[in-house]
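Work through the following exercises with the sequence and the model side by side. Each task is followed by a solution that goes step by step.

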Amino acid sequence: MRAGSGAAALVFVLAVSLSSGSGAMSVRRSRPMKTVTGTVRVVGNEPFPRTVVTVFHDGVPADCLVQGPLESVLRDRHQGRVVVVEGTSCSTVPPGFADCIVPTKILPAD
């Protein structure tokens with residue numbers, strides 16, 4: 001047996017065991033679905049405008065931040081309209097917002 005081949009075999013075994021274990025560690029938990037009904041608005045200044053759905057809780061407005069691919073659709077096609085947005089919760093809610101949603105479906109409000 002050549003010198004150093006044992007070290008190479010050990011590295012190979014470690015690499016295989018770590019790669020097989022990493023799949024189990026990357027299990028994603030599904031985020032709960034939610035529905036938000038409110039008025040689509042753009043808030044903030046350039047270069048960081050944000051699209052929000054403003055909802056009212058007991059007469060007090062609260063902005064729900066919109067993130068994800070449908071954010072531009074809401075901003076460009078539905079600004080100022082009342083819509084129903086269905087989607088999942090964001091992983092974190094940025095400061096200054098009451099809630100955050102990643103929409104999967106946009107419906108007109110009745």
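**Exercise 1.** Which residues does T88 touch, not counting residues up to four places away in sequence?

*Solution.* This is a predicted model, in which local features need pLDDT (the predictor's confidence in each residue, from 0 to 100) of at least 70 and side-chain atom pairs count only at pLDDT 80 or more, while totals for chains, interfaces and linings use all residues. Residues are numbered from 1 along each chain as its sequence is written, and side-chain values use heavy atoms, with hydrogens and water left out. Begin by placing T88 in strand β4, where strands are DSSP runs of E with at least two residues, numbered from the N terminus. Then list its contacts (heavy atoms within 4.5 Å): T88 touches R31, P32 and M33, and also C100, I101 and V102. Finally, T88 has a relative accessible area of 19% and is therefore buried, a class that means under 20%, with exposed over 50% and partly exposed in between (1.4 Å probe, protein chains only).

**Exercise 2.** Determine how strand β1 pairs with its partners β4 and β2.

*Solution.* Two strands pair if DSSP finds at least two bridges between them. Strand β1, residues 33-43, runs antiparallel to β4, residues 82-89, and 7 bridges join them; within this pairing, T35 has E86 as its bridge partner. With β2, residues 50-57, β1 pairs in the antiparallel sense over 5 bridges, where R41 stands opposite V52 and V42 opposite T51. The two strands β1 and β2 form a hairpin with 6 residues between them, and G44 in the turn has a positive phi of about 90°. Widening the view, the strands form a closed barrel of 5 strands in the order β1-β2-β3-β5-β4, with mixed pairing. The twist averages 60° from one strand to the next, the axes being lines fitted to C-alpha atoms and the angles running from 0 to 180 degrees between N-to-C directions.

**Exercise 3.** Is T54 buried or exposed, and with which side chains does its side chain make polar contacts?

*Solution.* T54 lies in strand β2 and, with a relative accessible area of 7%, is buried. Its side chain makes a polar contact with the side chain of R41 at 2.7 Å, and another with the side chain of D63 at 2.7 Å; such a contact is a pair of N or O atoms within 3.5 Å, where within protein one must be able to donate a hydrogen and the other to accept it, and residues adjacent in sequence count only if both atoms are side-chain atoms.

Conventions:
Helices (H or I, at least four residues) and strands (E, at least two) are DSSP runs, numbered from the N terminus.
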